[in-house]
Each structure stands twice: as structure tokens, then as C-alpha cells.
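Open the model in your viewer and keep the selection box at hand. The tour goes stop by stop.

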Amino acid sequence: MLAVRERGKHVIPNCEKNAAQFNEGEEKFFNEAELVRQFNGNPNIVIIYECFYANNTAYFIMEYLNGIMPENYVKAHGVLIENQAAYISDKLTMALAILHSGGVLHRDISLDNLMLCKDKTVKLIDFGAARQCVYNGTRGYTAIFFFRESVVRGEAQNELRSRKRVYLANLKKIPAKRGFSDC
């Protein structure tokens with residue numbers, strides 16, 4: 001434990017040697033919220049309503065997601081059928097397209113970072129590993145740069161289909177029988 005709540009109000013590092021680590025973690029937490037906030041309005045990315053400092057720590061207010069993690073959905077309903085996996089993949093791919101066009105890499109795409117919501121949306125969550133990328137105008141070796149260029153040239157559909165195939169291959173390790181609509 002790096003910090004404690006002092007007299008029920010302010011958060012303080014539990015000792016002087018942990019102060020730098022606490023401050024670094026607090027800054028990363030706040031920056032994560034600010035990074036995600038720039039994509040508010042995208043239906044497939046969790047919404048951050050506000051981020052702020054109070055009581056000597058950082059907070060953010062995000063939308064409540066009424067749904068289930070894919071792993072729990074599979075435990076309750078069985079493995080995903082192809083159209084369910086394709087639906088989830090499509091929504092994830094749309095979220096990634098928006099992130100990449102904004103110069104952001106999520107860097108932790110997994111089923112643990114998706115929420116299948118009761119309103120049929122699929123939300124990408126947990127941006128703790130995400131990074132803003134700087135694009136200097138030359139073709140780089142990272143997929144984000146190629147993706148950004150293909151979107152600009154209008155070649156996004158082929159790129160999205162390729163990404164979808166990769167993601168579907170990963171989903172096959174999950175067993176499926178019922179519809180996503182059952183969650």
C-alpha cells in the first residue's frame with residue numbers, strides 16, 4: 001500500500017520513500033482518463049465524464065456500464081457463435097479505428113478489456129497501457145501508422161477486414177451457443 005486516507009479525507013503517501021511512486025501513479029491515472037476523454041462520443045469506447053484532483057489524489061467519473069465481461073458471458077451461455085464473435089469484432093475494430101486515427105495505441109486488447117452491455121453495445125475499457133503516438137509524416141513500422149495512412153486513402157475497409165480476421169482467430173479459444181442478446 002503506497003498511500004492512506006488521512007482522517008477520512010486527504011490521501012497521503014504512507015511514507016516519504018513512497019511519495020514519488022504515489023505521485024507518478026496518480027499522474028498516470030489522471031493522464032489515462034484525459035486520454036480516453038478525447039474519444040467521448042464514440043459508442044464503443046467507455047465515456048469519461050470528468051477527471052479532477054481532490055483530497056490530494058486524482059479521480060475520474062466514467063459512465064456506468066450495465067453488462068458483462070466476455071469471459072463471464074461465455075461461462076453463463078457457452079461459447080460464442082460466429083455471428084456473435086463477428087459482431088464483437090466489428091465493434092472493437094471500429095473503436096480501434098477511432099483510436100488509431102487519433103494517434104492512440106491501446107496496447108492491451110484482450111477480452112478482459114471489453115464489456116458486452118445490455119443495450120447491445122460493446123465497450124473498450126481499461127486504457128492503462130494506452131499511449132499517444134507521434135506521427136512525423138513518414139511511414140513507420142508500427143501498425144498504427146499504416147492504418148492511419150490507409151484510412152486517409154479510403155482503404156479502411158480492407159484493413160478492418162484483416163484486423164477482424166485476426167481478432168476472430170483469437171476468439172476461437174472461447175467456447176459458444178447462445179446469442180449475445182441473452183446477456
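Start by selecting Leu 35. This residue is buried, with a relative accessible area of 12%; the cut-off for buried is under 20%. Keep in mind throughout that the model is predicted.

**Stop 1: around Leu 35**

Colour helix 1, since that is where Leu 35 sits. Now show what Leu 35 touches. Leaving out residues up to four places away in sequence, the list is Val 104, Ala 130, Arg 131 and Gln 132. Next, add Phe 127. In sequence, Leu 35 and Phe 127 are 92 residues apart. In space, their C-alpha atoms are 8.2 Å apart.

**Stop 2: Glu 26**

Stay in helix 1 and select Glu 26. Is Glu 26 buried or exposed? Glu 26 is buried, at a relative accessible area of 14%. Show the residues in contact with Glu 26, again setting aside neighbours within four places in sequence. They are Tyr 53, Asn 56, Thr 57 and Ala 58. Zoom in on Thr 57. Its backbone nitrogen lies 3.3 Å from a polar atom of the Glu 26 side chain.

**Stop 3: a stacked pair**

Show the aromatic rings. How many aromatic pairs does the structure hold? It holds three. One of them is Phe 30 with Tyr 53, and this pair is stacked. The ring centres are 4.5 Å apart, with 20° between the planes. Follow the chain from one ring to the other. Phe 30 belongs to helix 1 (residues 19-37), and Tyr 53 to strand 3 (residues 48-54). The two are 23 residues apart, so the pair links distant parts of the chain. Now switch on the surface. Phe 30 counts as buried, at 15% relative accessibility. Tyr 53 counts as partly exposed, at 46%.

**Stop 4: helix 2**

Select residues 70-77, which make up helix 2. Which residues here are buried? Pick out Pro 70, Tyr 73, Val 74 and His 77. Turn the view to look down the helix axis. The buried residues fall within an arc of 95°, so they line one face of helix 2. What do they pack against? Highlight strand 5 (67-68), helix 3 (82-101) and strand 7 (114-117). Then step past the end of helix 2 to Gly 78, where phi is positive, near 90°.

**Stop 5: an open sheet**

Keep strand 5 and strand 7 in view, and add strand 8 (122-124). The three strands form an open sheet in the order 5-7-8, with antiparallel pairing. Strand 5 and strand 8 stand at the edges. Each has a single partner strand, so one side of each is left without a neighbour in the sheet. Zoom in on strand 5 and strand 7, which are joined by two bridges. Select Gly 67 and look across to strand 7: its bridge partner there is Cys 117.

**Stop 6: two cysteines**

Stay on Cys 117. This residue is buried, with a relative accessible area of 4%. Now select Cys 51, which counts as buried at 10% relative accessibility. How many disulfides does a search of the whole structure find? It finds zero. A disulfide is a covalent bond between the sulfur atoms of two cysteines.

Terms used
Residues are numbered from 1 along each chain as its sequence is written. This is a predicted model: local features need pLDDT of at least 70, side-chain atom pairs count only at pLDDT 80 or more; totals for chains, interfaces and linings use all residues. Side-chain values use heavy atoms; hydrogens and water are left out. Buried means under 20% relative accessible area, exposed over 50%, partly exposed in between (1.4 Å probe, protein chains only). Helices (H or I, at least four residues) and strands (E, at least two) are DSSP runs, numbered from the N terminus. The arc is that of the directions from the helix axis to the C-beta atoms. Contact means heavy atoms within 4.5 Å. Rings of Phe, Tyr and Trp (its six-membered ring) pair if their centres lie within 6.5 Å; planes under 30 degrees apart count as stacked, over 60 as edge-to-face and the rest as tilted. A polar contact is a pair of N or O atoms within 3.5 Å; within protein, one must be able to donate a hydrogen and the other to accept it, and residues adjacent in sequence count only if both atoms are side-chain atoms. A disulfide is a pair of cysteine sulfur atoms within 2.5 Å. Two strands pair if DSSP finds at least two bridges between them.
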